[in-house]
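Q: I am new to this structure and would like a guided look at it. Could we go through it step by step?

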Amino acid sequence: MRAFEIVYAADLDELLRTGRCLLFDIREPEEYAKGHWPMARNYPYGELEKGFGRLPKNRKIILYCEHGGTSMQMARTMGNEGFQAATVVGGYEAMEKLVKDKNKMEKISGKKF
């Protein structure tokens, strides 16, 4: 059994709308400054690892990194520590692709997605 959940970029907005989740970008501040998902807070990997005691265990914590591997590793660690942890498959790269695809479909169809 997995100690963490898998989240897809396409489902993020819906999950965040509930208000029961926290979204952390665990990349370095320079990467976060270049672009990040709306509502994401920057909590770099090294700091997050040291700051478990400050995080709630009663809310889902969704993590992402650039490609998904580092956030998956951290989500597993956090899940083993009793957190409701999740990772975004494909990381920020997948999130960027989703936005580009939505924009392309809106241009083609004239409809808002």
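A: The turns below go through the fold, the central strand, the cores and some charged side chains.

Q: What kind of model is this, and how are residues numbered?
A: This is a predicted model, in which local features need pLDDT of at least 70 and side-chain atom pairs count only at pLDDT 80 or more, while totals for chains, interfaces and linings use all residues. Residues are numbered from 1 along each chain as its sequence is written, and side-chain values use heavy atoms, with hydrogens and water left out.

Q: How many helices and strands are there?
A: The chain has five helices and five strands. Here helices (H or I, at least four residues) and strands (E, at least two) are DSSP runs, numbered from the N terminus. Starting at the N terminus, the elements follow the pattern β-α-β-α-β-α-β-α-β-α.

Q: In what order do the strands sit in the sheet?
A: The order is β1-β5-β4-β2-β3, in an open sheet with parallel pairing. Two strands pair if DSSP finds at least two bridges between them. At the edges are β1 (5-7) and β3 (41-42), each of which pairs on one side only.

Q: Which helix packs on the sheet and touches β1, β4 and β5?
A: That is helix α4 (residues 69-80), and its direction makes about 170° with that of β5 (84-88). Contact means heavy atoms within 4.5 Å. The axes are lines fitted to C-alpha atoms, for helices over the stretch in contact, and angles run from 0 to 180 degrees between N-to-C directions.

Q: Let us turn to β4. How many bridges join it to β2?
A: Five bridges join β2 to β4, and four join β4 to β5. Strand β2 (residues 21-25) is also joined to β3, by two bridges.

Q: What does F24 face in those strands?
A: F24 stands opposite R41 in β3, and its bridge partner in β4 is L63. L63 in turn stands opposite T87 in β5.

Q: Is β4 mostly covered or exposed?
A: β4 is mostly covered, with five of its five residues buried. Buried means under 20% relative accessible area, exposed over 50%, and partly exposed in between (1.4 Å probe, protein chains only). K60, I62 and Y64 point one way from the strand, whereas I61 and L63 point the other way.

Q: Why does K60 count as buried?
A: K60 counts as buried because its relative accessible area is 15%. Its side chain makes a polar contact with the side chain of E5 (3.0 Å). A polar contact is a pair of N or O atoms within 3.5 Å; within protein, one must be able to donate a hydrogen and the other to accept it, and residues adjacent in sequence count only if both atoms are side-chain atoms.

Q: Now the interior. How many residues does the largest nonpolar core have?
A: The largest nonpolar core has 16 residues, and those with the most contacts inside it are F24, L48, L55, I61, L63 and M78. Such a core is a set of buried Ala, Val, Leu, Ile, Met, Phe, Trp, Tyr and Cys residues joined through side-chain atoms within 4.5 Å. At least two residues of this core come from each of β2, β4 and α4, and α4 gives the largest share, three residues.

Q: What does L55 touch?
A: Leaving aside neighbours within four places in sequence, L55 is in contact with F24, Y43, L48, I61, M78 and F83. A second, separate core of 15 residues includes C21, L23, Y64 and A86.

Q: Where is R27, and is it buried or exposed?
A: R27 is in the loop between β2 and α2 (29-34). At 5% relative accessibility, R27 counts as buried.

Q: Which side chains make polar contacts with that of R27?
A: The side chain of D25 does so at 2.7 Å, and that of E66 at 3.0 Å.

Q: Where is E66?
A: E66 is in the loop between β4 and α4. Because its relative accessibility is 24%, E66 counts as partly exposed. Besides R27, and not counting residues up to four places away in sequence, E66 touches E31, G90, G91, Y92 and E93.

Q: Finally, how much of the chain is buried?
A: Buried residues make up 39% of the 113 residues in the chain.
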